[in-house]
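Student: I should like to learn how to read a model of two protein chains. May we work through one together?

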Amino acid sequence: MDEVDRAIINALQGGFPICDEPYREAAERLGLTEAALIARLEAMLAANTLTRFGPMYQIERMGGAFVLAALAVPEADYERTAEQVNALPEVAHNYRREHALNMWFVLATETPAGIAAAIAKIEGATGLKVHAFPKLKEYFVEMRLHA
Amino acid sequence: MPDVMTSSGRESPARPDALDRRLIVATQGGLPLVPRPYHALAERLGLSAEEVKARLARLLETDVIRRIGAVPNHYALGYVANGMSVWDVPDERVDALGEAVGRLPFVTHCYHRPRALPLWPYNLFAMVHGKSRAEVEAQAEQIAALLGADCRAHDVLYSSRILKKTGLRIGN
C-alpha cells in the first residue's frame, strides 16, 4: 500500500457519488484518472486491503436486526465450530477473541425473528449455547479509519 | 412505491420495497468496478440507470445505506490491536457514561448491551483500535479514568483472528 492507496482510502470511506460516472468524479477529486482509481480499488480488494467497495447497509433501517453473539468453544473443536458458524449467511462477521467466550460474531437478518432462528441453527449445529448481546442503546458509531 | 410525499419533500423513512430489495441483494457484495457502475446494475436488474440512481439516493437519504465507499480491513491499515473493551457500570448511570465514552476520539463503537451473569458481568461495550496492544491499553486506561468509581470491573478482549468478514448478506 503506497501513498496513493492511503489517499484513496482516506477520501473514499463514504461519499462515493451517485452519478453516471462516479469513479471519474471521485478520481478527479484525488487527482487520478478513472482507470487508475478502478485499477487501484481492484488491487486493494484482491489484496484484502479493502474488504468491500460499495454501499454499507443498515439492516435495522430495513426492518431487520443486527445482534452480537458469542460462544465458549472448546479449543479442540474450534476449527470445526468456526466452519459451522461461518456457513450461515446470517453471520456477517466472526472474530476469535481471547476470553472464555472465545468466538464473537454478528448476526444480520432481514427480520427480528430471523435472529432467533439463526441462534437455534447455530446451537443445533454446534451443540453449544449462544450468548446473545443485542444492543440496548447505541451511543456512538464511526467506522472510518485513518490509513 | 406510491409516492405520498408532500411538497416539502420530508417524509418518514419508508421500508424498502421489492425492487429496493433486489438492488440491495445486487450491491451488498460491492459495486461493479466499471466506469458506469449504476448503468451496469440497471442492466442486470432490468431497470433504467435513472431509477437505480434515484433509489440508491433515497436509501442513502433514509439511512438504509449508511455510506457508499471503501470498507478497509483494519489489519491491512496497521490496526493490528483491535480491542473490545467491556465495562460493568451501574445500570442507572450507563446512558450518561456511554455518551461520555462514545465521545472519546479513539472509540469507534459504543453500546449498552445486556449482561449474561454469572459468565458476563459487563453492560457497556466500547471498541478501540490501535497499532499495538500498548496503545489500546493506554486507551482503556483513559476510559477507566473517565468512568472512575462507576467502573466495577472491566476487560479488553482482543481479536486474534478474523474468522469471517463478509458483512450483510440477505438472500435472493
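Tutor: The turns below take up confidence, the interface between the chains, and some details of the backbone. Please note at the outset that this is a predicted model.

Student: How should I read the confidence, and what is the average pLDDT of chain B?

Tutor: Where pLDDT is low, the predicted coordinates should not be read in detail. Chain B has an average pLDDT of 90, and 91% of its residues score at least 70. Among the elements of chain B, helix α4 (residues 94–102) has the highest mean, 98, while strand β5(B) has the lowest, 92.

Student: Over which residues of chain B is the pLDDT below 50?

Tutor: That applies to residues 1–13 of chain B. Beyond near neighbours in sequence, this stretch makes ten contacts in the model.

Student: How do I describe the interface, and how many residues of each chain are in contact?

Tutor: One may begin with the residues that touch and then turn to the area they bury. Here 72 residues of chain A are in contact with 80 residues of chain B. The two chains bury about 7,400 Å² between them, and 59% of this lies on carbon and sulfur atoms.

Student: How many salt bridges and polar contacts link chain B and chain A?

Tutor: There are five salt bridges between chain B and chain A. One of them joins Glu110(A) to Arg21(B), with the closest N and O atoms 2.7 Å apart. Residue pairs in polar contact between the chains, both at pLDDT 80 or more, number 45.

Student: Which element gives the largest share of the side of chain B that touches chain A?

Tutor: Strand β5 (residues 153–165) of chain B does, with ten residues. That side of chain B comprises 42 nonpolar, 21 polar and 17 charged residues.

Student: In which sense do strand β6 of chain A and strand β3 of chain B pair?

Tutor: Strand β6 (residues 137–141) of chain A and strand β3 (residues 107–112) of chain B pair in the antiparallel sense, over four bridges. Glu138(A) stands opposite Tyr111(B).

Student: Is the peptide bond from Leu117(B) to Pro118(B) cis or trans?

Tutor: This bond is cis, with omega near 5°. Pro118(B) lies in the loop between β3 and β4 of chain B. In chain A, Asn48(A) has a positive phi of about 65° although it is not a glycine; Asn48(A) belongs to the loop between α3 and β1.

Technical notes:
Residues numbered from 1 in each chain as written. Chains lettered and ligands numbered in written order. Predicted model: local features only at pLDDT ≥ 70, side-chain atom pairs only at ≥ 80, totals over all residues. Heavy atoms only, no water. Contact = heavy atoms within 4.5 Å. Buried area = accessible area lost by both parts, 1.4 Å probe. Salt bridge = Lys/Arg side-chain N within 4 Å of Asp/Glu carboxyl O. Polar contact = N/O pair within 3.5 Å; in protein donor to acceptor, adjacent residues only side chain to side chain. Helix = DSSP H or I, 4+ residues; strand = E, 2+ residues; numbered from the N terminus. Nonpolar A, V, L, I, M, F, W, Y, C, P; charged D, E, K, R; others polar. Pairing = 2+ DSSP bridges. pLDDT = per-residue confidence, 0-100.
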